[in-house]
Amino acid sequence: MASKRKFTRAIVRTPCLRIAEGLTTSDLGKPDYDSTLAQHAEYIEALEKCGLEVKVLPADERYPDSVFVEDTAVLTDRCAVITRPGAKSRRGEVAAVREVLAGFYDAVEEIAPPGTLEGGDVMQVGDYFYVGLSKRTNASGADRLIDILRRYGMDGTPIHMNDMLHLKTGVNYLENGCLTITGEFTENPVFQPFNHIEIDSKEAYAANCLWINGTVLVPEGFHRTKARIEAAGYETIAVDVSEFRKIDGGLSCLSLRF
Ligand code: CIR
């Protein structure tokens with residue numbers, strides 16, 4: 001596909017033994033630890049197939065949700081922004097990510113209190129960032145992020161939302177003017193200028209797809225969505241993340257790309 005965007009690296013974090021204690025709203029049961037490890041390895045392999053060098057952070061037993069590194073930072077080509085997760089049990093996850101990002105970025109910014117922000121609420125479209133006001137990201141966190149982005153020549157806007165966990169639970173940018181989109185976001189005027197690959201409620205989980213260097217990772221088992229994305233001209237890789245789904249995690253949550 002035509003987008004010139006290019007990622008070269010990703011950061012992921014090994015699932016910890018306490019992953020079954022992760023926050024969840026689903027009724028899909030508890031993740032099985034060995035299966036999460038196997039699926040995580042498959043996920044890393046998919047990132048590598050897309051050309052990324054993957055840095056794997058060690059598991060941290062203090063934080064059951066720490067495998068979902070996406071929520072701990074917002075990465076741009078000019079700066080990294082360390083978040084302040086709205087979920088209190090996740091707040092300490094940022095320390096290890098801050099440390100590793102300091103090795104890759106000269107400019108590392110922070111979301112300061114009373115702001116809260118989780119990376120799953122941030123969707124990048126070029127130099128413009130859509131920031132979901134979810135239960136995890138408040139107006140102060142969104143404003144603070146947008147202030148930081150402006151200092152670096154970028155911009156953004158807050159997006160009101162009702163019932164999804166994160167913005168990217170329901171809308172994801174596949175570059176080339178194209179979004180996967182579902183539920184409450186489908187009719188949002190802000191997203192009307194884009195081409196929509198509308199995901200119906202039966203496959204809503206698959207709206208959280210992940211574009212990497214022209215290939216789209218799609219969760220395993222969502223055949224209609226996969227076919228629609230392929231029909232739009234993308235290569236796809238199906239990745240089984242069913243164990244992470246049990247604690248509300250999707251494909252994008254499992255990595256930071258830059
Ligand atoms: C949580 O509730 O925080 C985790 N169990 C799931 C986080 C998913 N992250 C994401 O969508 N970016």
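## Cysteines

C253 sits buried in this predicted model, with a relative accessible area of 11%. C50 is buried too, at 7%.

So do any cysteines pair up? What does a search of the whole structure find in the way of disulfides? It finds zero. For C50, the reason is plain distance: the closest cysteine sulfur belongs to C209 and is 12 Å away, too far for a bond. A disulfide would need the two sulfur atoms within 2.5 Å.

## Around the ligand

C253 also turns up in the ligand's surroundings. Its company there includes L23, D65, F68, E70, D71 and R90, along with G120, R136, H166, I247 and D248.

Some of these residues come with polar atom distances. The backbone of L23 puts a polar atom 2.7 Å from a ligand nitrogen, while E70 uses its side chain, with a polar atom 3.1 Å from a nitrogen of the ligand. H166 has a polar side-chain atom 3.0 Å from a ligand oxygen. On its own the ligand would expose 350 Å², and the protein buries 97% of that.

## Helix α2

Which residues of helix α2 are buried? Within this helix, which runs over residues 94-102, they are V94, V97, V100 and L101. They sit on the same side of α2, because they cover an arc of only 130 degrees around the axis. Over on the other side, E99 and A102 are exposed.

The buried residues of α2 pack against a set of strands: β1 (9-13), β2 (53-57), β3 (73-75), β4 (80-82), β5 (108-110) and β15 (256-257).

How values were computed: Residues are numbered from 1 along each chain as its sequence is written. This is a predicted model: local features need pLDDT of at least 70, side-chain atom pairs count only at pLDDT 80 or more; totals for chains, interfaces and linings use all residues. Side-chain values use heavy atoms; hydrogens and water are left out. Buried means under 20% relative accessible area, exposed over 50%, partly exposed in between (1.4 Å probe, protein chains only). Helices (H or I, at least four residues) and strands (E, at least two) are DSSP runs, numbered from the N terminus. The arc is that of the directions from the helix axis to the C-beta atoms. Contact means heavy atoms within 4.5 Å. A residue is near a molecule or strand if one of its heavy atoms lies within 4 Å of it. A polar contact is a pair of N or O atoms within 3.5 Å; within protein, one must be able to donate a hydrogen and the other to accept it, and residues adjacent in sequence count only if both atoms are side-chain atoms. Accessible areas come from the Shrake-Rupley method with a 1.4 Å probe; for residues, only the protein chains shown count as cover.
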